[in-house]
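Q: I have a model open and want to go through its cysteines, pockets and core. Can we take it step by step?

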Amino acid sequence: EEKGTVVRANYKNQSQREVYSSPYLDFIVSWPKSDILSLATRPSGLSAGFLYQYNPLTGGFKKILGDIPGLEVKCDKKGEKLVFSSYNSANSRPVLGFYNIKNAEFLNQTFIGLSQKCVFSRLDYDVVYCALSKNFPPALYPDEWHQSLAGLEDEFWQANLRTGETKMIYNERLFDVLDIELDLSENFLYFKDKQQEFLWAIKIK
């Protein structure tokens, strides 16, 4: 019988140890911190998505979000907050929202956007940087964006989830942003342009 298995190993792929297994084969796995394993169903605007968390130290398993079409998520490095996107079939666009896992509550801010274009600050966990498109063509999200059938032109924004403040930080050139990350000092945002897959950096401080 086939099953999905999560294995922990060192950087040489040695000392492998199974930490989780499931009859479901197609989870997207991330490891925000040592005692949190996040398991998300593969996203599609045509089906409801779910996010679970597993604690490999205690064996605890719980649902975080569920029954959300097109669900994609990115967690902060503490595993306490997440940015998620869902699909709004009424206008054929994605909705970007925020969720406090620790308090089990949705935060007030929402945008039109995709969670894969966001990254949390490590210096202030209430701050998140997102690439938000100036124009969102109607499409099936995130499917048609992943398939390069819907292209986007992103500006860079900063949002403070505690104060509600938002500000644009860069729009001199527009990109279809992929794999966005911060350097450790948080002076630069690094990302790839999805159209050409070149690596770029913009100075934010």
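Q: How far is the sulfur of C75 from the closest cysteine sulfur, and why is there no bond?
A: The closest cysteine sulfur is in C118, 13 Å from that of C75, which is too far for a bond. A disulfide here is a pair of cysteine sulfur atoms within 2.5 Å. This is a predicted model, where local features need pLDDT of at least 70, side-chain atom pairs count only at pLDDT 80 or more, and totals for chains, interfaces and linings use all residues. Residues are numbered from 1 along each chain as its sequence is written, and side-chain values use heavy atoms, with hydrogens and water left out.

Q: How many disulfides does that rule give?
A: The count comes to 1 disulfide. C118 and C130 form it, with sulfur atoms 2.1 Å apart. The link is right-handed, with 115° about the S-S bond.

Q: Which strands hold the two cysteines?
A: C118 lies in strand β12 and C130 in strand β13, so the disulfide ties together parts that are 12 residues apart in sequence. Strands are DSSP runs of E, at least two residues, numbered from the N terminus.

Q: Is C118 buried or exposed?
A: C118 is buried, with a relative accessible area of 0%. C130 also counts as buried, at 6%. The cut-offs are under 20% relative accessible area for buried, over 50% for exposed and partly exposed in between, with a 1.4 Å probe and protein chains only.

Q: Changing topic. How much space lies in the largest pocket?
A: About 560 Å³. The largest pocket is lined by 24 residues, and S30, V73, K74, C75 and Q116 are the closest to its centre. On a 1 Å grid over the protein atoms alone, a pocket is an open set of points with protein on both sides within 12 Å along at least five of seven lines, a cavity is a set where a 1.4 Å probe fits but cannot get out, and lining residues have an atom within 4 Å of a point. Points are joined across faces, edges and corners, and a volume is the space filled by probe spheres set on them.

Q: Which strand gives the largest share of that lining?
A: β3, with 5 residues. By class, the lining of the largest pocket has 12 nonpolar, 5 polar and 7 charged residues. Ala, Val, Leu, Ile, Met, Phe, Trp, Tyr, Cys and Pro count as nonpolar, Asp, Glu, Lys and Arg as charged, and the others, Gly among them, as polar.

Q: And cavities, how many of 30 Å³ or more?
A: The search of the whole structure finds 1. The largest cavity has a volume of about 60 Å³. C130 from the disulfide is one of its lining residues, which also include L96, F111 and W157. That lining has 7 nonpolar, 2 polar and no charged residues.

Q: What about the largest nonpolar core, which residues have the most contacts inside it?
A: F156, V177, I180, L189 and F191, in a core of 13 residues. β13, β15, β16 and β17 each give two or more residues to this core. A second, separate core has 12 residues, including A40 and Y99. A nonpolar core is a set of buried Ala, Val, Leu, Ile, Met, Phe, Trp, Tyr and Cys residues joined through side-chain atoms within 4.5 Å.

Q: What is V177 in contact with, beyond four places in sequence?
A: K117, A131, W145, D154, F156, F191 and K192. Contact means heavy atoms within 4.5 Å.

Notes. Helices (H or I, at least four residues) and strands (E, at least two) are DSSP runs, numbered from the N terminus.
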